[in-house]
Structures are given as C-alpha cells and as structure tokens.
Amino acid sequence: MTTEASHHPLYVPLRAESSSPPATAPAPEPAPRPVPALRLAPDRLRNAIAAGAGALALLWGVQARPSARIDALFATGAHLTGLLAGYGVLVLLLLMARIPAVEHGVGADRLARWHARGGRHVLGLIVAHALLALCGYAVHTGTDLVTATGGLLSYGAIAAATAGTGLFVAVGVTSARAVRGRIRHETWRAVHLGALLAAALGFVHQLAGPDLASSLLTRWLWSMAHATVAVLLLWYRLVVPVRAALRHDLRVVEVRGEGPGVFSVLVRGRGVARLQAEPGQFFRWRFLRRGLWATALPFSLSAPVRDDTLRITVKALGDHTRRIRRLRPGTRVLATGPFGALTAHRRTRRKVLLLAGGVGITPMRALFETLPGGPGDITLLYRASDETGLVLRAELEAIARARQAALHFLLGPSDGAFDPLAPRALRHLVPDIAAHDVYLCGPPAMARAATESLIRAGVPASRVHSEDFDHA
C-alpha cells in the first residue's frame, strides 16, 4: 500500500501497483547482498583523536618549567602550539588517507568536513606557534622582530618549517570558499599536494625541537606515527588503486543518454564483485583518456553491481563531465573505492523514506531497489523542477511496481510559492514520517532545507542519513 497522493499540481505522484512492469523497463533481478565491511564508528574516531591530543598536552605539561620570565612564557606557549599543530597535521592526513574502515564507518563527506574544519584550527596553531616562538626569541635576545626573524631563519630546521608554513597558508587560502570557486579543480589539487611537502618540512623541524629531542623514546614514537600515516597514504591512495586497476581491468562498455544533459556510463571488468560495493556508495573515477586522466571525481553507483558491471549516472555540469559523455567503449578506467556510509547498515527502523533531489537520485535509485522491506515499507520522494529533470524515471516506476513501494515525484521550481518539502507537505505524503529512517541526497541547498523540514516534521536528526558529495 502507498500513501495517498496529494492533489497539488506541482507534483505528480505514482501509486505503486503489484502488476508486472512494462516491457520497456523490466524490473531488474534482486542483487546479491554484499559482505558487511569493517567500519569504524565516528564517535570512536573522535575519541581516539581527542585522546592523542590529550597525550600530547600531558607530554607538554610534564616538560614545562614554570617561570615568570616573559621569554619563557612565550617559549612554553610555542612548544604547546607546535606539538598540537604537528599532531593536527598528522590527523588531517589520516582523515584523507581513504582507509576503507574509516570511510565506510564515518562517511566521506563527514571526513571531508572534519578535515576542512580541522585545517583551519591547525593553520591557526601553526601561525600561533610561529608568532610565539618569534616573540620569545626576540625577548630572549633583546632584539626587534625583524632582527629576530633573520636570526631564526639562520637555523636550517626553522627555515624548513617556515617554508612549510608558507605551503600550509597557500593550501588554506585556496580552500577558502570564496577562492576555491574561482580556481580550477586541478589547480586546487596541485596546491593541496604541497601539504605533503609541508608536513615533511615540519617533521624535520619538530625532531630538532626540545619537546622531542630530549627523549629517544619520544622521538621514536613521533617518527613511527609519521611513518605509519605515510605508509597508509601511499598504500590506499596509490598502491590499492593501481592494484585494483591491474586486477579488475575496468573499461567503459557503453555511454547511454538518460535525459537532457544526463547520461549513464557502464563500466565492466573482471571479478568486480570482490570490490564489495554496496548500494548507496560511490567510487572516485579516473578515465584514462586525454583531458580526463588527471582528475578523479566522485560518482555514486546508480544501480547494484551485476555481471561484473558498474554503472554511474552523471549530469554534464562542466568541461570534465561533458568530456565523460564523449567516452568511447574500451576506455580504461581507474576506480578507487568503494567509499561512503550512505548504505543499509545505517538503517534502524523498518520503514525507510528515500529523499532525492536532481541527480542525487543515483544512490537513492540503488537503495530503492535493494533495501529489504515489504509492501509499504519503502517510500521514495524525488524532487525536480519539472518532468524533464526526472532521471531514471522508467526504472524507478518499474521498481516501485515490483516492490509495491511508494514513489512520489515532487515537481516545481525551487522558488515557487508551494514548497513540497515543507514539514506539513511531508507529513501529508508520509503521515507516519517520524517512524522512518530517512536517506537524503541532493544539491547542498536542497539537502539543508530538507533536513530542517524533516526535523520539524518529527524525524530525529540521528535518523536523517545524508552525504554531501561536494565535500567527498
């Protein structure tokens, strides 16, 4: 049974039926259930990060020597901010190492938000460390700041740290929202790679500092922490993708139009099932042809994996995605993943509401087909400006009929007088909405507004599951 359809003209509901789907859009066979992946819970990761910061603060406290001298106070502050900044850099690199257990448990978008927020704090600590050290040195030597700067730069480790600080500042500036929107993705990525060099230069400086140089054990632990993060980065961001490319030999087999400016890419390889990709997850795709090979972008699977075939559905929004549309069969593909936590493991209730906007339907379409549930347990709301914006409509209708699930198309301009995602409208479409888990994917503005409406409609925030692929 489905909920009663609204009679408002701005959306077109479809009542799911148990009759056979039309011949033009056959309902696909159920996909095999994936093997559960190892996942690290967000709270555990947060607690581990906080414990590491606490241990460093304890190390600083043990070594601190109380003094009322101004230069000693500056130096003590410089030591604490320097230790925390070095640790923060390690954490930032670890968050972006693409470790499967972390990506699957925490979610790529949440990791990216933590990385962005943490980056601002770490940059602040680095600048504070530099200023405190400079002021302390100036007071200690009885010189002005300019002379003190020249004196500090005569030390090789400090010169290396200064160069690293410049690189970190460049990363921070290009990551600012006002700047990032004005530069090419390739430029932003190249500047970000400079953070690896900056981390290495900072490591040289840290080993020469008094907080680590005074103890062989401390130096060894600090070095092992850096070596571990370096190995994880190298393994998961270089070795694993190359190994997967050689093992699975992924190639484009078809590019199929799905609507105005929207197309699907079918990629087939050997032993693709071993990737254990779950509905709702995404890969980072790199197509090995001119104009595309240098950039890897995240795209969700728009269908479950079958017959060693992966499918993504893409909207042409820029030069890169328009080039993808012109891919030829046989093009080699590097697909890193799967990533993302927008999967069935987040489910806590029998009833599930899937809410999609625009091309955000892609992970929802895969979940709509595969989430376990009987008649009436699964509802999909699909928001679009008009009928031409409905992607994969025939497939959605076929799945709804085969599963006796509810499917509603919410049509109308985003700035229209009627908001189909308002709390009252949501409760009208799904009267028991507060008893549902909600999976949400769409443009950032739509996702934020929908989340607020869902909470006002009675859905606890803990049961609104989403991933923002602008951050992934």
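The legends below describe close-up views of a predicted model.

**View 1. The largest nonpolar core and the helices that supply it.** This core has 28 residues, and the members touching the most others are Leu 45, Val 89 and Leu 111. At least two core residues come from each of helix 1 (42-63), helix 2 (70-95), helix 3 (100-106), helix 4 (108-141), helix 6 (156-175), helix 8 (185-208) and helix 10 (216-248). Helix 2 contributes the most, with nine residues.

**View 2. Surroundings of Leu 45.** Leaving aside residues up to four places away in sequence, Leu 45 touches Leu 40, Leu 95, Val 102, Val 106, Leu 111 and Trp 114. Leu 45 and Leu 111 are both among the core members that touch the most others.

**View 3. Helix 1 against helix 4.** The two helix axes come within 12 Å and cross at roughly 25°. Angles under 35 degrees count as roughly parallel, so helix 1 is roughly parallel to helix 4. The crossing of helix 1 past helix 4 is right-handed.

**View 4. Residues in the contact of helix 1 with helix 4.** Helix 1 takes part through Pro 42, Leu 45 and Arg 46, and helix 4 through Arg 110, Leu 111 and Trp 114. By class, four of these residues are nonpolar, two are charged and none is polar.

**View 5. A second nonpolar core.** This core is separate from the one in View 1 and has 26 residues. Among them are Phe 368, Tyr 382, Leu 411 and Tyr 439.

How values were computed. Residues numbered from 1 in each chain as written. Predicted model: local features only at pLDDT ≥ 70, side-chain atom pairs only at ≥ 80, totals over all residues. Heavy atoms only, no water. Core = buried A, V, L, I, M, F, W, Y, C linked by side-chain atoms within 4.5 Å. Buried < 20%, exposed > 50% of the residue type's maximum accessible area, 1.4 Å probe, protein only. Helix = DSSP H or I, 4+ residues; strand = E, 2+ residues; numbered from the N terminus. Contact = heavy atoms within 4.5 Å. Axes fitted to C-alpha atoms, helices over the stretch in contact; angles between N-to-C directions. Parallel < 35°, antiparallel > 145°, perpendicular 65-115°, else oblique. Left-handed = near helix turned anticlockwise from the far one by under 90°. Nonpolar A, V, L, I, M, F, W, Y, C, P; charged D, E, K, R; others polar.
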